[in-house]
Amino acid sequence: RNAPIQVALLSRKLIRHQNELIVSPSSKVRNILEVVVDIDGYPLHIFVNHWKSRGYRGFESKRFKYAKTLKARLDSLPKNSEYIILGDFNTNYDAKININKKIDDTNYKVALLDILPLIKDGRLADEKLVQNSNKYLYDLWLELPYSLRYSYKFFANKSTLDHIIIPHSMFDKKAIDWSS
């Protein structure tokens, strides 16, 4: 196969179930891996991602397929399910501000930020907003000071291509909780 390297998850916790979310049947596409692990008797869905690069011909619309596939699965989960979305999304957390016009074929829409929804009024949803609304997701980049927000450095350019994202249910002090 001419497939890119796929995604995986290593876990010390019991894996209850795993599923591949099909973004495309093409062997050249990395699908999304969903793994359900047992955390003290509670299921935690983990979605492992590696989205299409923004490099050569990496138009933003190609990442929309990933975002829509993931969003459809999240919408099908029972209400207040706990999950973590993580991986290389090839998208900076501030991509709305710094969108590359050469790859913008979606009229300033960014798949990760607009489909999932991570932004409100052009800014990442902060912890307080996410805690009080089941509409938004929280990007853990906001846990770090601005100067430390990068996971990749190409020459002098710092990027935040990798993300860890959680829903409001991870703040409700029930079952699995981010703040504890």
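**Close-up views of a predicted model**

**View 1. Strands β4 and β10 pair in the antiparallel sense.** Welcome to the first close-up of this predicted model. Strand β4 covers residues 83-88 and strand β10 covers residues 162-166, with 4 bridges between them. To find your place in this pairing, look for Ile 85, whose bridge partner in β10 is Ile 165.

**View 2. Strand β7 also runs antiparallel to β10.** Here we stay with β10 and turn to β7, made of residues 138-139. The two strands are joined by 2 bridges. Which residue of β10 does Tyr 138 stand opposite? Tyr 138 faces Ile 166.

**View 3. A nonpolar patch lies on the surface.** Three aromatic names are worth finding here: Tyr 152, Phe 154 and Phe 155 make up the patch, and together they have about 380 Å² of accessible area. Phe 154 belongs to strand β8, which spans residues 152-154. Is Phe 154 buried, exposed or partly exposed? Its relative accessible area is 48%, so Phe 154 counts as partly exposed, since that class runs from 20% to 50%.

**View 4. Arg 12 sits in the segment before β1.** The strand that follows this segment, β1, takes in residues 15-21. Arg 12 has a relative accessibility of 89% and is therefore classed as exposed, the cut-off being over 50%. For a landmark elsewhere in the chain, try Asp 38, which is 26 residues away from Arg 12 in sequence. The C-alpha atoms of Arg 12 and Asp 38 are 9.9 Å apart.

Key. Residues are numbered from 1 along each chain as its sequence is written. This is a predicted model: local features need pLDDT of at least 70, side-chain atom pairs count only at pLDDT 80 or more; totals for chains, interfaces and linings use all residues. Side-chain values use heavy atoms; hydrogens and water are left out. Buried means under 20% relative accessible area, exposed over 50%, partly exposed in between (1.4 Å probe, protein chains only). Two strands pair if DSSP finds at least two bridges between them. Patches are made of residues with over 30% relative accessible area and no salt bridge: like charges are joined within 9 Å, nonpolar side chains (Val, Leu, Ile, Met, Phe, Trp, Tyr) within 5 Å. Accessible areas come from the Shrake-Rupley method with a 1.4 Å probe; for residues, only the protein chains shown count as cover. A salt bridge is a side-chain nitrogen of Lys or Arg within 4 Å of a carboxyl oxygen of Asp or Glu.
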